[in-house]
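Q: Pick one helix in this model and give me a close look at it, please. I'd like to hear how it ends and what packs around it, with anything elsewhere that helps put it in context.

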Amino acid sequence: MHEETKDITEIILKATALAREETNAEPEPEITKDVKWPIECTLGPGLEGAIVGETNVGYVNGSKGWLVYRGYDIFDLCAYSTFEEVSYLLLHGRMPTSQQLQVFKSKLHHYQHLNKTLRLLMGFQVEDMNAMAALRMGTNLMRQEFTYHDTEAGRPCTDDAISSDEDSIAMETKPTGEEHAVYEMKPQCGSTSSVIKHDLQDASGLEACYHLIAGVSTITAAISRIRSKRMPKEPHPDLSFAGNFLYMLTGNVPTPVEERVMDVALILHADHGMNASTFAAMVVASTLSDIYFSVGSGIAALNGPLHGGANEQVVRTLYDIGNEKKVKKWVKKAVSEKKKISGFGHRVYKAYDPRARILGPLAELLVRDNKDIEPVYRVAAALEKEVLASFGKEKKIFPNVDFYSGIVYSCLNVPPEIFTPIFAVSRVAGWTSRVLEYLQNNRIFRPRAIYTGEFNKKYSPIDERVD
Ligand code: ACO
């Protein structure tokens, strides 16, 4: 145990013991090994209860509050592992040897250098854009940099584009001189492409997954810096993935505590069953689109306030409440208005979310040295207590992963609009692992909906219609 970060390991071990004690009496999960398709299952709205396939990647047990990656308990991974090891585990299905880990780390480091993608990204007004929208666009630009899926013939000619420097402008287009500027794409201009040959030709392969895991961290950090009028930072050659991510975000080499906290946060968010963003990524992959498009869809789904976007909303709510003394009244009003309180509840967990069990005490530890954020933490702790006492325990609604993560990130000097992109930095490991797994035995997703509309309506011409 490292001396400087031993408090963090102790927090994780304490959370582990508490989780095991509290959920001891809950029923053991059914172990399924041999599955015979088709499967019968009971469906609720929002595909509740639907089984979409088989997986070895990860497992969530809602009543026990278990989260497992490739057979390993999340508490053990947080206590003893690193995000690099966990990403390798998710992608490859086994823990790396030290040599494999070394190679993996140097690949990630190599792919964190995204100079061309960042130059393209800076051709857009990233500073005025929703950070998740910018991140999604960044993954498209990464795809453009590395893949040959789009044919050369379809590429616009760059010879007479606005700028001859392909790196300095995001659009290879030119105005046609119309009254209102129209941008014209010129197809078919021979093979003048200046694309550098790269070994990343398979945009759905393992190498593309490495590229995305590394690149999403660089793009997120760059978006944060551009939004605050600073230039993106080159990755640091000597830091871990978590340390480097913080370095690229803030421009400062993090302390061991900051690095370890970010590492734990990344491990905690890396995979989580068949959640909305993972499913979105898999649906796109199942059409044999590529993994860059899949990750883009995952980012889009994660953005919503019912999913990853809740972490930003939680901090806004805590500031709105303003004071721990106002919590009771605020909760009473929220209940009477049937409001969903951000950071609480989960489709699967009917026990305390294991990720919140770690993030809560981590937030408590960090605010001890952060007097600005400490009052916000106190509001959060009071809100948790009040929600559990007034309806949470009875309805089995507990804090979820998003409840304390924003406070943790605030203590690491991360601005609120980057909280959800950080979720994506980590979850890209889960998305890509599950997509790779699914593609081994792919079948296009095509569920049905129950039509409850009418039939045999008579078409009437537009001028006979009344509102
Ligand atoms: N606050 C108050 N009541 C809640 C909450 C909440 N956050 N979440 C669920 N409930 C109540 C519902 O009102 C409902 O009560 P009822 O049975 O009396 O009508 C019951 O719990 C079941 O809720 P559903 O909405 O059916 O649960 P569902 O599984 O569809 O939704 C969800 C899960 C979206 C996470 C929901 O709990 C929610 O909106 N939470 C707030 C947003 C949030 O924190 N999202 C992040 C989730 S974690 C993640 O995605 C990374």
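A: Right after helix H8, Gly251 takes a positive phi of about 90 degrees. The model is a predicted one, so to speak of local features takes pLDDT of at least 70 and side-chain atom pairs need 80 or more, while totals for chains, interfaces and linings use all residues. Numbering starts from 1 along each chain as its sequence is written, and side-chain values use heavy atoms, with hydrogens and water left out.

H8 itself covers residues 241-250, and nine of its ten residues are buried (under 20% relative accessible area with a 1.4 Å probe, protein chains only; over 50% is exposed, in between partly exposed). Helices here are DSSP runs of H or I with at least four residues, strands are E runs of at least two, and both are numbered from the N terminus. The buried set starts with Phe241, Ala242, Gly243 and Asn244, then carries on through Phe245, Leu246, Tyr247, Met248 and Leu249. So who's doing the covering? Contact means heavy atoms within 4.5 Å, and the cover includes H3, H4 (98-112), H7 (206-227), H9 (256-269) and H17.

For another glycine with a positive phi, go to the hairpin of S1 and S2: four residues sit between the strands, and Gly65 in the turn has a phi of about 70 degrees. S1 (residues 58-61) and S2 (residues 66-69) run antiparallel, joined by four bridges; pairing takes at least two bridges in DSSP. Within that pair, Val60 stands opposite Leu67 of S2.
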